[in-house]
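User: Could you take a close look at one part of this model for me? I would like a connected account of a single sheet and what packs around it, with the cut-offs spelled out.

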Amino acid sequence: MNRFQAEKTPSLVTDPHFSPAERQNGNDSAQLAPSCAPKAPAPNLRGDYSHTHDDYTVDQNWEKYSAAEHALWRELYQRQSAILPGMAADDFIANLARMNAQDGIPKFDKISGQLFTATGWRLVAVPGLVPDDAFFNHLANRRFPVTVWLRKPEEIDYLVEPDVFHDFFGHVPMLFDPVFADYLAAYGAKGPEAIEHGSLKQLARLYWYMVEFGLIKTTDGLRAYGAGMLSSKSETLYCLSDPRPNRIGFALERVMRTDYKIDDFQKTYFVLESYQQLFEATLQDFENLYTRLASLPVIPPAGVLDSDRVYHFGNEGYAFDGTG
Ligand SMILES: [Fe+2]
């Protein structure tokens, strides 16, 4: 049992866009597994892949959600939205509110129309994890994959695979931000090059730290905008209020060199000056960057470099300290 299970708090420990083998190994030092073959769901994945289209999308079948599932959604939504003020970025909170998704599992088509008008993005339903190339293709074409199934009541505080609550509540609000929306499309467009170059690990770190667990500096202090923490009650509080993790200014190479754990709270969070900073960093030539990074050592999750802009030195007492 790890600390997560003992405390029954975090709702997310993995991302739908990382391979099952990687998740099982627990950190990004693990070998990235090959993507699952089309129409052949990877073993141990929870979703139903038997009705996927060629691009791994499925029909949401909204009418099949039960009253109990809508009730669980409301509970998750209310609990999580209550802790966002003073923790989440203002844009995240405002964009979450504009979707009016508090009353039940939303219809993706309805939100897609709203989102398309705002930033040109759409939501597509998926059964869960999708292969890397399909995932990057969706992002590059401004389609965000949202898992259709919702966790069970007994998983309200702990979930191994991301569900519709993580994907929708955590990710979709930021897609309404024009600059972040452009960033994520630019990120997706980098996928094929990373696959070809054997640099998926470096590109995945950028997603992990800056999409799932990103912080941003504001006039009111640091705020969270990442889907991983903002769909998890305990990590929302931990990422900003706990003395244990480092909080370090964003630098693209630094992030791409930094290992991470997927089965614990983060030991380091990276802080943006603005979403524009992230977008502009993503426009540079990654191929040369990958070549350069190949000669540099990986930075451990808790590492701090002399060159870092440190907002907070973690006190090296980590969430997972082995005491359960
Ligand atoms: Fe995610």
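Analyst: Happy to help; here is a walk through the sheet, the helix packed on it and the nonpolar core. The model is predicted, so to speak of local features a pLDDT of at least 70 is needed, side-chain atom pairs count only at pLDDT 80 or more, and totals for chains, interfaces and linings use all residues. Residue numbers start from 1 along each chain, following the sequence as written.

First, the setting. The protein chain holds 15 helices and seven strands; helices (H or I, at least four residues) and strands (E, at least two) are DSSP runs, numbered from the N terminus. Of its 324 residues, 44% are buried. Here a residue is buried if 20 or more other C-beta atoms lie within 10 Å of its own, exposed if 12 or fewer, and partly exposed in between, with C-beta atoms placed from the backbone. Among contacts between residues at least 6 apart in sequence, 71% join residues at least 24 apart; a contact means that the two C-beta atoms, placed from the backbone, lie within 7 Å.

Now the sheet. Five strands make up an open sheet with mixed pairing, in the order 4-3-6-5-7; two strands pair if DSSP finds at least two bridges between them. Strand 4 (221-224) and strand 7 (310-312) are at the edges with a single partner strand each, so one side of each has no neighbour in the sheet. From one strand to the next, the twist averages 35 degrees.

Going through some of the pairings, strand 3 and strand 4 are antiparallel over four bridges, and they form a hairpin with two residues between them. Strand 3 also runs parallel to strand 6, joined by two bridges. Leu 215 takes part on both sides: it stands opposite Ala 224 in strand 4 and opposite Val 271 in strand 6. Strand 5 (residues 246-249) pairs with strand 7 in the antiparallel sense over two bridges, and Ile 248 has Val 310 in strand 7 as its bridge partner.

Helix 12 packs on this sheet, touching strand 3 (215-218), strand 4 and strand 6 (268-272), and its direction makes about 155 degrees with that of strand 4. For such angles, axes are lines fitted to C-alpha atoms, for helices over the stretch in contact, and angles run from 0 to 180 degrees between N-to-C directions.

Leu 240 belongs to helix 12 (residues 233-241). Leu 240 counts as buried because 20 other C-beta atoms lie within 10 Å. Leaving aside neighbours within four places in sequence, Leu 240 contacts Met 87, Leu 222 and Ala 224. Gly 221 is 19 residues from Leu 240 in sequence, with 9.7 Å between their C-alpha atoms.

Ala 224 also leads into the core. Of the 75 residues in the largest nonpolar core, Met 210 and Ala 224 touch the most other members. Helix 10 (residues 200-212) gives the most to this core, with nine residues. A nonpolar core is a set of buried Ala, Val, Leu, Ile, Met, Phe, Trp, Tyr and Cys residues joined through C-beta atoms within 7 Å. Not counting residues up to four places away in sequence, Met 210 touches Phe 250, Val 255, Phe 270 and Leu 278. In soluble globular proteins, nonpolar side chains tend to be buried together.
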